[in-house]
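Hi,

Here is the structure I said I would pass on. Have a look at it first, and then read my notes underneath.

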Amino acid sequence: MQSENPVSIQRSSHFNSYEVADALIEAIISELDAVRLYSQLARYIPHPDVAKLFMEVRQDELRHVAMFLEALKHIDQNVVKGLKEGIKEYKDLFGPSGII
């Protein structure tokens, strides 16, 4: 279940930094949901050109995820800390070359 959309809340002021971070997270979740949807649809579309269109739009959504994540890294330093910790754990588990 998705969290409450912060834009739907009636307000008289701009978002504070925590709310900006929440808005960016909401945007990332929405983009990833679209990535999943377009991947699933492309898998079952019998028309190659239409399936290709869905996969191209999927790539656009992944770029949007990267853009929102980069903005989130500038807004919330806990994100940066968490990403660094996750990368270290990944390398500890799989080595510098990764699993592929």
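Below is what I found, going from the whole chain down to single residues.

One thing to keep in mind throughout: this is a predicted model.

**The overall picture**

The protein chain has three helices and zero strands. Read from the N terminus on, its elements run α-α-α. The radius of gyration is 17 Å, well over the 13 Å that the globule rule gives for 100 residues, so the chain is more spread out than a compact globule. If you want a feel for the dimensions, the C-alpha trace spans about 50 × 45 × 20 Å along its principal axes.

As for what is covered and what is not, 20% of the 100 residues count as buried. The chain exposes about 7,900 Å², and carbon and sulfur atoms supply 60% of that area. I also looked at contacts between residues at least 6 apart in sequence: 47% of them join residues at least 24 apart.

**A buried glutamate**

E61 is the residue I would show you next. Its place is in helix α2, which covers residues 48-75. Does E61 have a partner of opposite charge, or does it lack one, and how far away is the nearest such side chain? E61 is buried yet has no salt bridge, and the nearest side chain of opposite charge, R63, is 9.0 Å away. A salt bridge here needs a nitrogen within 4 Å of a carboxyl oxygen, so a cut-off of that kind applies to every pair below.

What does E61 touch, then, leaving out residues up to four places away in sequence? The answer is E31, A34, V35 and Y38. Keep Y38 in mind, as that residue comes back in the next part.

**Aromatic pairs**

The count comes to two aromatic pairs. In one of them, Y38 and F54 form a tilted pair, with 5.8 Å from centre to centre and 45° between the planes. This pair links distant parts of the chain: Y38 sits in helix α1 (residues 17-44) and F54 in helix α2, 16 residues apart. F54 has a relative accessible area of 21%, so it counts as partly exposed.

Y90 and F94 form a tilted pair as well, at 5.1 Å centre to centre and with 50° between the planes. These two are four residues apart in helix α3 (residues 77-94), which means that about one helical turn separates Y90 and F94. Y90 is partly exposed at 35% relative accessibility, and F94 is partly exposed too, with a relative accessible area of 39%.

**Salt bridges**

How many salt bridges does the structure hold? It holds six, and I will go through some of them here.

- In helix α1, R36 and D33 lie three residues apart, about one turn of the helix. Their side chains meet in a salt bridge at 2.2 Å, N to O. R36 counts as partly exposed at 48% relative accessibility, and D33 is partly exposed with a relative accessible area of 32%.
- In helix α2, K52 forms a salt bridge with E56, and the closest N and O atoms are 4.0 Å apart. The two residues are four apart in the helix, so about one helical turn lies between K52 and E56. K52 counts as exposed at 51% relative accessibility, whereas E56 is partly exposed with a relative accessible area of 44%.
- Also in helix α2, K73 and E70 are three residues apart, so they are separated by about one helical turn. The closest N and O atoms of their salt bridge are 3.1 Å apart. K73 is partly exposed at 27% relative accessibility, and E70 is partly exposed with a relative accessible area of 37%.

**One last residue**

A71 lies in helix α2 and is partly exposed, with a relative accessible area of 29%. How far is the C-alpha atom of A71 from that of I28, given that the two residues are 43 apart along the chain? The separation is 11 Å.

If you only open the model at one spot, I would start at E61, the residue that is buried yet has no salt bridge, and then step over to Y38, which E61 touches and which pairs with F54.

Best wishes

Conventions:
Residues are numbered from 1 along each chain as its sequence is written. This is a predicted model: local features need pLDDT of at least 70, side-chain atom pairs count only at pLDDT 80 or more; totals for chains, interfaces and linings use all residues. Side-chain values use heavy atoms; hydrogens and water are left out. Buried means under 20% relative accessible area, exposed over 50%, partly exposed in between (1.4 Å probe, protein chains only). Lys and Arg count as positive and Asp and Glu as negative; His and the chain ends are not counted. Contact means heavy atoms within 4.5 Å. Rings of Phe, Tyr and Trp (its six-membered ring) pair if their centres lie within 6.5 Å; planes under 30 degrees apart count as stacked, over 60 as edge-to-face and the rest as tilted. The radius of gyration is taken over C-alpha atoms; the globule rule is 2.2 Å times the number of residues to the power 0.38. Accessible areas come from the Shrake-Rupley method with a 1.4 Å probe; for residues, only the protein chains shown count as cover.
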